[in-house]
Amino acid sequence: MFSRRSILRSAVAVTALSLPSSGSAWADEPLPVVASFSILGDLVAQVGGEHIALTTLVGADGDAHVYQPTPQDARAVAGAEVLFVNGLEFEGWMERLVESSGFGGMQVVATDGIEAIAFDEHDEHGDEHDDHEDHDDHADHDDHGDEHGHGAHAFEWAGLFDLKAGTYQWAFAKVDGDYADPAMKMVVLAASDIEAVEEAAEGLLEAEASDAKMGGDTLAAADMAYTLTFDANKDITLFTVEIAEDGTYAFFTEHMPFEFEADAHFFKDMSGADVEPVAQDPEGDHHAHGHDDHDDHAEEGHDDHHGHNHGAFDPHAWQSVDNAVIYVNNIAAALAKADPENAEAFEANRAAYVAELEALETEIEASIGALPAEQRTVVTPHDAFGYFAQSYNIRFEAPQGLSTESEASAADVAKLIEQIRKEGINAVFVESITDDRLLKQIAKETGAVIGGTLYSDALSEEDGPASTYLDMMRHNVATLSQALGS
């Protein structure tokens, strides 16, 4: 079978019989290839060198978890001879893109041959959040949820706020072009703590009667449930909250308010400053509601904690340098098959780069090995470092789970805060591709410091500290070593 490129070369060769020898330059036309995201793109570039014309779909600082392909991406894939993907269901959007583009070349899964980490293995490498135990314990604790089918509260989330008298705004935003649910119930009560009014709030939320509110309407602390209806044609629905007197107020919401955050925090004062809760209920269950549409969303959110769109295995295999060698070997073999005329060059590039990777492995082992065993716990937003943990004997905790699309539950965050305090973890780390507000909140509540920024799923721009795979790994190790070793 002849590839499109070999047919082109044959046509050029026939034409060259009647053209000057300068036409032979067509024979060195770079092989058009596509890589799905920036880290994989760098590995492909190292092996392919000048003999490939590389297009990377999700570029520097881009988040492949939530990426939306463009028509330009479809054109690039359609014109490629080789398409490199990570596999392990990392690129949940890739199958649709391939189908829509009419791609007819060679698709290469770079993780072939890697011993993938199953989700449940993360418990063995530092993820001690047992959601099933949490849900069982919570079901035993709660007597109100039978009618909801989950043995859970009538509310998903409760937050306690210290508020001055005045006006505030509560925002509900469309995420990915849609609301998590077109309506929800909410209760606002003056209270010294959440538990003091929890039963009253549940009674109000479960009652048939409620005060219907549309976007722009005003809420006040009162013994009633508000049914909030969101603006169908607007990206954001705003409600005003009027606080008559200084005090502490408990908010109970039928759904997690974080599900409605897009680019802005859900609760703000009129100056636009974020208003954070002084306490949250960790037992507000993600599945306690009666709207079928949102049930689907919440089930997805629960799956997210174990890796949205990632099948049964952790896809972040590049975080082990040994695995990166497997990536590179797969890339070289595929390029040699697609372009046998340059196979020797690909092999030479592969061998030289593997030598650099082996030197990097030695550096990492020495740096992490120098850290005291009791100072090897790392807190990051999402669980992208399982292979790093397994390879280098370091422990990672992550409230969001394997995907940046996942939503950290209040229970998981509370458990992580308790663990940080108990173990005396003194640093948490933000990631280049994630919103850092959750980690900043955790740092504030525990007294831990922000130890630096780690690069997990994407390289930095060229002028950044992690513009290549080698630089990314060195940057991450140096950041970890400096913060954990101090």
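**Close-up views of a predicted model**

**View 1. Pairing of strands β3 and β4 and the crossover between them.** In this predicted model, strand β3 (residues 82-85) and strand β4 (residues 106-109) run parallel and are joined by four bridges. Within this pairing, Phe84 stands opposite Val108 of β4. Between the two strands, the chain passes through helix α4 (residues 94-101), and the resulting β-α-β crossover is right-handed. The loop between β3 and α4 contains Leu88. The phi angle of Leu88 is near 55 degrees, a positive value in a residue other than glycine. Leu88 counts as partly exposed because its relative accessibility is 22%, and the buried class is reserved for values under 20%.

**View 2. The four-stranded parallel sheet.** An open sheet is formed by four strands in the order β2-β1-β3-β4, with parallel pairing. The edge positions are held by β2 (52-58) and β4; each has a single partner strand, so one side of each lacks a neighbour in the sheet. On average, neighbouring strands of the sheet are turned by 20 degrees against each other, direction ignored. Strand β1 (residues 31-37) pairs with β2 in the parallel sense through six bridges, and Pro32 stands opposite Ala53 in β2. Helix α4 packs on the sheet and touches β1, β2, β3 and β4. The direction of α4 makes about 170 degrees with that of β3. In a regular strand, side chains alternate between the two faces of the sheet.

**View 3. The loop after strand β2.** Asp61 is located in the loop between β2 and α3 (71-78). Its phi is near 60 degrees, which is a positive value in a residue other than glycine. With a relative accessibility of 37%, Asp61 counts as partly exposed.

**View 4. Helix α2 and its surroundings.** Helix α2 (residues 38-48) is mostly covered, with nine of its eleven residues buried. The buried residues are Ser38, Ile39, Leu40, Gly41, Asp42, Leu43, Val44, Val47 and Gly48. They pack against strands β1, β2 and β3 and against helices α8, α9 and α13 (469-484). Just after α2, Gly49 adopts a positive phi of about 55 degrees.

**View 5. The largest nonpolar core and the contacts of Phe388.** The largest nonpolar core comprises 76 residues, and Phe84, Phe388 and Tyr469 have the most contacts inside it. Helix α8 (residues 321-338) supplies the largest share of this core, namely nine residues. Apart from this core lies another, of 26 residues, including Phe172, Leu219, Phe230 and Val241. When neighbours within four places in sequence are left aside, Phe388 is in contact with Gln319, Ile364, Ile368, Asn393, Ile394, Phe396, Met473, Val477 and Leu480.

**View 6. Helix α13 and a residue pair distant in sequence.** Ala478 belongs to helix α13. Its relative accessible area of 44% makes Ala478 partly exposed. Although Ala478 and Ile368 are 110 residues apart in sequence, their C-alpha atoms are 9.2 Å apart in space. For the protein chain as a whole, 73% of the contacts between residues at least 6 apart in sequence join residues at least 24 apart.

**View 7. Asp339 in the loop between helices α8 and α9.** Asp339 occupies the loop between α8 and α9 (343-369). Its relative accessibility is 0%, so Asp339 counts as buried. The side chain of Asp339 makes a polar contact of 2.8 Å with the side chain of Asn342.

**View 8. Thr237 in strand β11.** Thr237 is placed in strand β11 (residues 236-243). At 0% relative accessibility, Thr237 counts as buried. Its side chain reaches the backbone nitrogen of Asp231 at 2.6 Å. Leaving aside neighbours within four places in sequence, Thr237 is in contact with Trp170, Ala171, Phe172, Tyr179, Gly215, Thr229, Phe230 and Asp231. Two of these contacts, Phe172 and Phe230, are among the residues of the 26-residue core.

**View 9. The protein chain in overview.** The secondary structure of the protein chain comprises 13 helices and 18 strands. Of its 486 residues, 51% count as buried.

Note on methods: Residues numbered from 1 in each chain as written. Predicted model: local features only at pLDDT ≥ 70, side-chain atom pairs only at ≥ 80, totals over all residues. Heavy atoms only, no water. Pairing = 2+ DSSP bridges. Right-handed = clockwise from strand over helix to strand, strands pointing away. Core = buried A, V, L, I, M, F, W, Y, C linked by side-chain atoms within 4.5 Å. Buried < 20%, exposed > 50% of the residue type's maximum accessible area, 1.4 Å probe, protein only. Contact = heavy atoms within 4.5 Å. Axes fitted to C-alpha atoms, helices over the stretch in contact; angles between N-to-C directions. Polar contact = N/O pair within 3.5 Å; in protein donor to acceptor, adjacent residues only side chain to side chain.
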